[in-house]
Amino acid sequence: MKRQSRPLFDVTQIPDDLCPIATKLSPMRPGDWRSLRPVVNRAKCVKCSVCWLYCPVQCIVEKTAWFDVQLDTCKGCGICAEECPQGAITMIEEAS
Amino acid sequence: MSAVPQALPARKHLACDGNEAAALAVALARVDMVAVYPITPQSSLVEYLAKFIADGRLQAELVDVEGEHSVLSVLHGAALAGARTYTASCGPGLAFMFEPYLRTPGLRLPMVMSIVTRDTLTPQSVWGGHQDAMSVREVGWVQMYCESVQEVLDTVIMAYRIAEDRRVMLPVNVCHDGNYLSYGTARIELPEQSEVDAFVGTPDVNWHVALDPDRPMAVDPLTGGAGGPGPAMFVRYRKGQCAGMQHALQVIGEVHEEWGRLTGRYHAPLVEAYRMDGAEFAIMTLGSMTGAGKDAVDEARDRGLRVGLVKVKTFRPFPVAAVSAALGQVKAVSVVDRSVDFGWNCGPLYRETLGALYHVQPQVPSMSFIGGLAGADITLQHFARVIGETDELRRGAPAGRTVWLNEND
């Protein structure tokens, strides 16, 4: 899992043994917690754009000869696989 | 050598009870927000505060809430936004407040709350006793017990300095005895507003934890557990809390000294030794009973008994060194409590004193007296009995007993 955090303000003047506070922002993206991942069969994809139209988080990206998925933002909902007329997308479990 | 006495300015005097004195102190400390729920014997205190605010004498926001749990929760929000805060409670109200009360010292919020002490249920009682304050003695609030109406006023003002000292950063309970101090009227001297302004300074409440858009933060996130940084992190905060309590011992002394220089009233900050010079044995007291105790000691001294009195003002943090030093030379000591330690079948101050006496050699014979529960009087006669039995203890009577002073009243 990719973790990134950044300080929200300068905390160096606050002792670290007073009140517990969290002062770093750790942005989690859907790719950090997705449980199913779409896999595109490039041989079946005809670039009809149906997946691109239906994807609720707009993570479908166009490649030269097929459409693919931006996995940082894909939440694994499976709508693309459900809607693909060619049956070119399958959902597989993320490795634990 | 003590400081050269200086002429102190003439100040206003008035007669008032302890509840009004506490409210006057709150007004003088210019708190920003008060949240209250009335409960006997505290009710008149918050009525005075409401009056001061309505009269424009105190420019504070008064929040009437539906119960004590909300009282302290509202004040948490106010303190996190930087406000100087105050409330007062006791007995069942304090019990209902317990969840945010537990949270306050860990948040290191320098709040001040009076406990107008009341015995706890059950049996049903609305009268004075220290059982409520003693029941919360391990929560992590500083606890100071007052002897007189003047000391109530002075201590509530001093409490803001102690709580907001950056070495301490802990909430403070100023305890004054229900009935005896809450309703007992005495002549007091009122400090000038300008003096109190200079003494307490501007509020310094939320520099370490805040509800502040310019410093966004999550307050009190999940900390601890068995893995990762959890255990070390949790220990760090607990140790920090204990360190703040230990620093308070010094800060309480400094603040009382400064208040003495300002007003001429040098209240003993941790422990007062009364007629302990050459004392062969001692009695110990807490709170308003001390007046009767001192009178009884005077009478006993007149009869030739070499007895002194040790009053504990600061109960949390417990002044171990000061208590063991005060009792270092005596051959017997009795402790008079106004509450019960259910675990040890004695009084709580007695149990604490046993701990302090661990540092004293040779071992000092001691015993526990419990009196004044639920508003009962601890009279001169009761104290004469305490002194008499302690004298027998000094001469070899069995130690470690618990005597219930009002058992046959």
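This report describes the cores, the sheet, the chain contact and some backbone features of a two-chain structure.

The structure is a predicted model, in which local features need pLDDT of at least 70, side-chain atom pairs count only at pLDDT 80 or more, and totals for chains, interfaces and linings use all residues. Residues are numbered from 1 along each chain as its sequence is written, while chains are lettered from A and ligands numbered from 1 in the order in which they are written.

**Cores**

A nonpolar core is a set of buried Ala, Val, Leu, Ile, Met, Phe, Trp, Tyr and Cys residues joined through C-beta atoms within 7 Å. A residue is buried if 20 or more other C-beta atoms lie within 10 Å of its own, exposed if 12 or fewer, and partly exposed in between, with C-beta atoms placed from the backbone. The largest nonpolar core has 126 residues, and those touching the most other members are B:Ala25, B:Val26, B:Val112, B:Val156, B:Ile162 and B:Ala282. Helix α7 (residues 149-164) of chain B supplies the largest share of this core, 10 residues. Helices (H or I, at least four residues) and strands (E, at least two) are DSSP runs, numbered from the N terminus. Because domain 1 (12-212 + 238-263) and domain 2 (271-404) of chain B both give residues to this core, it lies between them; the domain bounds come from an automatic or database domain assignment.

Leaving aside residues up to four places away in sequence, B:Val156 touches B:Ala22, B:Ala25, B:Val26, B:Val112, B:Ser114 and B:Val174. Contact here means that two C-beta atoms, placed from the backbone, lie within 7 Å. Among these partners, B:Ala22, B:Ala25 and B:Val26 are buried residues of α1(B). Helix α1 (residues 18-28) of chain B has 11 of its 11 residues buried, so it is largely enclosed by the rest of the structure. B:Arg30, which follows α1(B), has a positive phi, near 50°.

**Sheet of chain B**

Chain B contains an open sheet of 7 strands in the order β3-β2-β4-β5-β7-β6-β13, with mixed pairing. Its edge strands, each pairing on one side only, are β3 (61-64) and β13 (314-316) of chain B. Two strands pair if DSSP finds at least two bridges between them. Strands β5 (residues 112-117) and β7 (residues 172-177) of chain B are parallel and share 6 bridges, with B:Thr117 opposite B:Asp177 in β7(B).

**Contact between the chains**

On chain B, 18 residues are in contact with 12 residues of chain A. The largest share of the chain B side, 4 residues, comes from α9(B). Strand β2 (residues 21-22) of chain A runs antiparallel to β9(B), joined by 2 bridges, and A:Ala22 has B:Ala218 as its bridge partner.

**Backbone features**

Most residues other than glycine have a negative phi, and most peptide bonds are trans. The table lists two residues with positive phi and two cis peptide bonds.

| Feature | Value | Location |
|---|---|---|
| A:Gln58, positive phi | near 55° | loop between α1 (50-54) and β5 (60-62) of chain A |
| B:Ala374, positive phi | about 50° | loop between β15 (366-370) and α13 (380-394) of chain B |
| B:Thr40 to B:Pro41, cis | omega near 0° | B:Pro41 in the loop between β2 (33-36) and α2 (43-54) of chain B |
| B:Leu121 and B:Thr122, cis | omega about -10° | B:Thr122 in the loop between β5 and α6 (131-135) of chain B |

A:Gln58 counts as exposed because it has 10 C-beta neighbours inside 10 Å, whereas B:Ala374, with 19 such neighbours, counts as partly exposed.
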